[in-house]
Amino acid sequence: MDVRTKTVIALIILVIAAVFCIFKDLSWVSANVSYSFQEVWEALIGEGSWASERIVRDQNAPRVVAGILVGAGLAVTGSAMQAVFRNPLASPYILGLSSGASLGAAMGMIFTVPFIPALIASPILAFVTCFLTMALVYTMARAGGTVRTETLILSGVAVSSLMSALVSFMTFISGDKLEGIVFWTMGNLGNADWNEISFMIPVISICAFLLITQAKPLNAMMIGDAHALDLGVDVKKVRLFVLVLSTLVVAAAVSFVGVIGFIGLVIPHIIRILLGPDNRRIMPLSIIGGACFILICDYISHVIAPQFGTLPIGVTTALIGAPIFVYLLIRRRREVGWN
Amino acid sequence: MSFEVKDLRYVYDDYLVLDGITLPIREGEIIGILGPNGCGKTTLLKNLNRNLSPKGGVVLLDGQDIQGMTKKEIASKIAAVPQTNEIHFAFTVRDIVAMGRMPFQSMMGGESSEDSRIIDDAIEKTGLGNYRNRLINTMSGGERQRVIIARAIAQTPKILLMDEPTLHLDISMQFDALKLVSSISKESGMTVVIVSHDLPLVSRYCDRIVMIHDHRIFAVGTPEEVLTPENMRTVFNVDAELVMDEKIGKRTVMIHDSLGRP
């Protein structure tokens with residue numbers, strides 16, 4: 001079986017699994033109770049009972065849509081960042097962007113910001129702190145002219161722990177908002193309501209689309225900046241554009257659903273192992289893969305310990321993502337590009 | 001296509017690298033830029049396609065300052081073979097060579113049948129026919145260099161810039177690479193600018209030679225005019241002479257000895 005056939009089969013299985021999980025998530029009431037397909041459908045089109053409409057349409061559906069947006073957004077962002085930094089280890093989580101964005105988002109939740117409507121205060125502050133984090137990590141990693149893997153990861157780790165400490169500090173002084181913030185930092189798809197999702201949809205889908213348009217220049221940049229320049233790519237412009245778009249996606253995702261790790265790292269990796277490094281394939285498939293992965297994780301979150309309620313999605317993605325990552329690190333070095 | 005460097009200056013931080021380089025480059029010629037390490041020859045080459053922007057002076061392509069052109073416009077006329085580092089992503093040889101067509105494609109556009117023909121042709125010409133699907137991250141430095149040369153050829157440039165193109169190549173490949181480039185130059189009138197410190201190879205394939213010394217042009221002219229024992233002593237600190245290889249009737253440089261650090 002050639003790679004293409006394998007991939008198509010893998011994709012079909014993945015999408016079927018994701019569709020199954022979407023239905024399970026939408027129909028979820030409690031550990032022992034769930035709606036039938038017909039009840040879910042009626043609730044979605046507004047012909048269900050009062051209770052089914054509240055649960056399916058106002059509680060479960062936003063969760064599924066948020067999952068699709070965040071999974072797709074984080075995965076495509078991860079693939080773009082891996083290309084820009086020419087480093088298969090780059091991801092929003094590892095470079096500290098997620099914790100950078102959570103700092104701003106936490107500030108938005110705790111303080112009342114003048115002139116900015118409450119709904120978008122968190123995402124705007126998250127964007128600002130996320131961008132500053134990106135600039136800080138990049139400048140530190142660039143010291144000496146070239147971005148080296150070691151310095152990039154080390155500065156990501158350093159800045160990330162600084163940001164996490166600041167988030168903890170914010171949480172500590174937040175008083176009666178403490179529980180909400182703690183719950184949010186674990187990453188929870190249920191955090192987003194329809195208002196917030198209507199803000200996320202354009203931001204994440206436009207950014208994801210614009211990132212895909214950069215696939216070809218990013219391919220050239222994966223060979224090296226000098227090579228890309230020789231091929232007519234305006235490297236500085238593409239790099240800045242991609243980093244700003246990535247920051248927007250991460251800020252939107254983090255401020256509405258919290259920190260969700262490993263998607264941006266693991267999904268592009270798996271696709272790259274199957275299909276090679278061409279971003280024209282990696283980026284669109286990351287969108288599908290990221291969305292499916294998070295939906296499957298969300299279903300697992302529901303069933304893993306129902307007596308405690310639904311597990312925060314960030315916990316599940318890390319529980320599943322970290323072992324996959326370790327497997328990649330140990331077994332698939334060569335394919336991944338760590339020679 | 002006329003190509004000209006006028007009073008080019010370049011400074012890294014506070015360190016002067018190029019101090020007023022003026023050099024008209026003739027259409028279709030193979031010109032070698034020679035000089036010891038750190039003399040600024042690679043910097044000069046990078047200024048020629050705006051990989052770096054000069055701090056003074058201009059590079060004129062058909063009379064137009066390249067500072068005013070887009071990177072894509074420049075890349076559609078000028079290709080480069082830079083010194084290559086390791087590539088960590090598993091692109092195939094064909095993927096990399098196909099990138100040579102990027103300056104001629106729209107942002108999202110794919111490969112035209114004309115593009116495919118040019119790519120396959122470049123792969124054949126560089127002897128990579130059996131390597132098409134090899135992964136670049138599993139190849140040696142010399143093999144990678146050949147792939148990058150193939151990519152530059154696929155860019156169908158009017159001007160080709162090469163930075164130490166023979167550095168990692170096997171001895172026979174060094175000759176093959178320069179033979180290929182010079183035959184394309186003869187066929188299509190492509191101008192070639194080669195930066196090197198490989199005196200024998202450059203003396204053999206270049207029509208004209210520029211010697212850079214202390215960040216300025218020290219000598220320009222035919223190999224016979226420039227590669228005199230005195231010049232090579234001053235610039236390279238070697239005891240060497242340009243001789244005729246009787247067997248093939250071509251020039252080469254015999255290096256007798258290093259003169260030691262003065």
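**Exercise 1. Determine how helix 3 and helix 12 of chain A are oriented relative to each other, and which residues join them.**

*Solution.* The model is predicted; local features require pLDDT of at least 70, side-chain atom pairs count only at pLDDT 80 or more, and totals for chains, interfaces and linings use all residues. Residues are numbered from 1 along each chain as its sequence is written, and chains are lettered from A and ligands numbered from 1 in the order in which they are written.

Step 1. Helices (H or I, at least four residues) and strands (E, at least two) are DSSP runs, numbered from the N terminus. Axes are lines fitted to C-alpha atoms, for helices over the stretch in contact, with angles running from 0 to 180 degrees between N-to-C directions. The axes of helix 3 (residues 50-84) and helix 12 (residues 263-275) of chain A come within 7 Å and cross at roughly 70°.

Step 2. Helix 3 of chain A is therefore roughly perpendicular to helix 12 of chain A (under 35 degrees is roughly parallel, over 145 roughly antiparallel, 65 to 115 roughly perpendicular, the rest oblique).

Step 3. Contact requires C-beta atoms, placed from the backbone, to lie within 7 Å. On helix 3 of chain A the participants are A:Gly71, A:Leu74, A:Ala75, A:Thr77, A:Gly78, A:Ser79 and A:Gln82; on helix 12 of chain A they are A:Ile263, A:Gly264, A:Leu265, A:Ile267 and A:Pro268.

Step 4. The residues of this contact between helix 3 and helix 12 of chain A comprise six nonpolar, six polar and no charged (Ala, Val, Leu, Ile, Met, Phe, Trp, Tyr, Cys and Pro are nonpolar; Asp, Glu, Lys and Arg charged; the others, Gly among them, polar).

**Exercise 2. Describe the side of chain A that touches chain B.**

*Solution.* Step 1. In the contact, 23 residues of chain A meet 25 residues of chain B.

Step 2. Helix 9 (215-223) and helix 10 (225-230) of chain A each supply at least two residues of that side. The largest share, five residues, comes from helix 9 of chain A.

Step 3. By class, the side of chain A that touches chain B holds nine nonpolar, eight polar and six charged residues.

Step 4. The model scores ipTM 0.90 and pTM 0.88.

**Exercise 3. Establish how far helix 9 of chain A is covered, and by what.**

*Solution.* Step 1. A residue is buried if 20 or more other C-beta atoms lie within 10 Å of its own, exposed if 12 or fewer, and partly exposed in between, with C-beta atoms placed from the backbone. Helix 9 of chain A is mostly covered, as nine of its nine residues are buried; A:Lys216 and A:Asn219 are among them.

Step 2. The cover includes helix 3, helix 8 (194-213), helix 10, helix 11 (235-257) and helix 13 (279-304) of chain A, together with helix 3 (93-98) of chain B.

Step 3. Just after helix 9 of chain A, A:Gly224 takes a positive phi of about 155°.

**Exercise 4. Locate B:Ile149 and characterise its surroundings.**

*Solution.* Step 1. B:Ile149 belongs to helix 5 (residues 141-154) of chain B.

Step 2. B:Ile149 counts as buried because it has 26 C-beta neighbours inside 10 Å.

Step 3. Leaving aside neighbours within four places in sequence, B:Ile149 is in contact with B:Val81, B:Thr126, B:Pro165 and B:Ala177.

Step 4. B:Ile149 and B:Ile123 are 26 residues apart in sequence, and their C-alpha atoms are 9.5 Å apart in space.

How values were computed: Two residues are in contact if their C-beta atoms, placed from the backbone, lie within 7 Å.
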